[in-house]
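Hi everyone, thanks for letting me have a few minutes. I'd like to walk you through one protein, so have a look at the picture and follow along with me.

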Amino acid sequence: MAPRADRRAPSRGVEWEFERLTIPRDFSRGFVTRLLVERAEHGGWELDRVRIAPDGTRRVVLRRKIIRFRAPLGLQPRV
């Protein structure tokens, strides 16, 4: 399993961070489910896409929102 995170351009004010996982066919469906639930509950990820290759390898794409903090007007740094 090799996770890889990347980012896509914002669409309508929302920015997403993506993580790609490649899961070998050796792992059972139950194990993969537990793995993805764990990532969702503790990492804030949600399932974006799952593709199962002809050899049984699962390619999973997870996503989560990027939340940017905006300082209130009175606290913005002066330039």
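Let's start with Arg-63. Its relative accessibility is 23%, so Arg-63 counts as partly exposed. And keep in mind that what you see is a predicted model.

So who does Arg-63 form a salt bridge with? One partner is Glu-46, and the closest N and O atoms are 2.8 Å apart. Look at where the two sit: Arg-63 is in strand S4 and Glu-46 is in strand S3, so to speak two distant parts of the chain, 17 residues apart, linked by this pair. Glu-46 has 36% relative accessibility, so Glu-46 also counts as partly exposed.

Arg-63 has another salt bridge, to Asp-48, and here the closest N and O atoms are 3.8 Å apart. Asp-48 is in strand S3 too, 15 residues away from Arg-63 in S4, and again the pair links distant parts of the chain. With 26% relative accessibility, Asp-48 comes out as partly exposed. Put Arg-49 into the picture, and you get a network of salt bridges that links Glu-46, Asp-48, Arg-49 and Arg-63.

How many salt bridges does the count come to? Five. One of them is between the side chains of Glu-17 and Arg-64, at 3.2 Å from N to O. This pair also connects distant parts of the chain, since Glu-17 belongs to strand S2 and Arg-64 to strand S4, 47 residues apart. Is Glu-17 buried or exposed? Buried, because its relative accessibility is 17%, and the cut-off for buried is under 20%. Arg-64 has a relative accessible area of 27%, so Arg-64 is partly exposed.

Those two residues have one more link: Arg-64 in S4 is the bridge partner of Glu-17. That belongs to a bigger pattern, as S2 and S4 pair in the antiparallel sense over eight bridges. And why is S2 described as largely enclosed by the rest of the structure? Because six of its eight residues are buried.

Now let's step back to the whole fold. The protein has one helix and four strands, and along the sequence they follow the pattern β-β-α-β-β. Of the 79 residues, 22% are buried. If you take contacts between residues at least 6 apart in sequence, 47% of them join residues at least 24 apart.

On to the inside. In soluble globular proteins, nonpolar side chains tend to be buried together. Here, the largest nonpolar core has eight residues: Leu-21, Ile-23, Val-32, Leu-35, Leu-36, Trp-45, Val-60 and Leu-62. Strand S2 (16-23), helix H1 (29-43) and strand S4 (58-65) each put in at least two residues. Which element gives the most? That's H1, with three. So to trace the core on screen, begin with H1 and its three residues, then add what S2 and S4 supply.

Last stop, the outside. The protein exposes about 6,600 Å², and carbon and sulfur atoms supply 51% of that. There's a nonpolar patch on the surface too, about 290 Å², made by Leu-47, Val-50 and Ile-52. Leu-47 is in strand S3, which covers residues 46-52. That's the strand where we found Glu-46 and Asp-48, the partners of Arg-63.

That's my tour, thanks for listening!

Key. Residues numbered from 1 in each chain as written. Predicted model: local features only at pLDDT ≥ 70, side-chain atom pairs only at ≥ 80, totals over all residues. Heavy atoms only, no water. Core = buried A, V, L, I, M, F, W, Y, C linked by side-chain atoms within 4.5 Å. Buried < 20%, exposed > 50% of the residue type's maximum accessible area, 1.4 Å probe, protein only. Contact = heavy atoms within 4.5 Å. Areas by Shrake-Rupley, 256 points an atom, 1.4 Å probe, with all protein chains shown as cover. Pairing = 2+ DSSP bridges. Patch = residues over 30% accessible without salt bridge, like charges linked within 9 Å, V, L, I, M, F, W, Y side chains within 5 Å. Salt bridge = Lys/Arg side-chain N within 4 Å of Asp/Glu carboxyl O.
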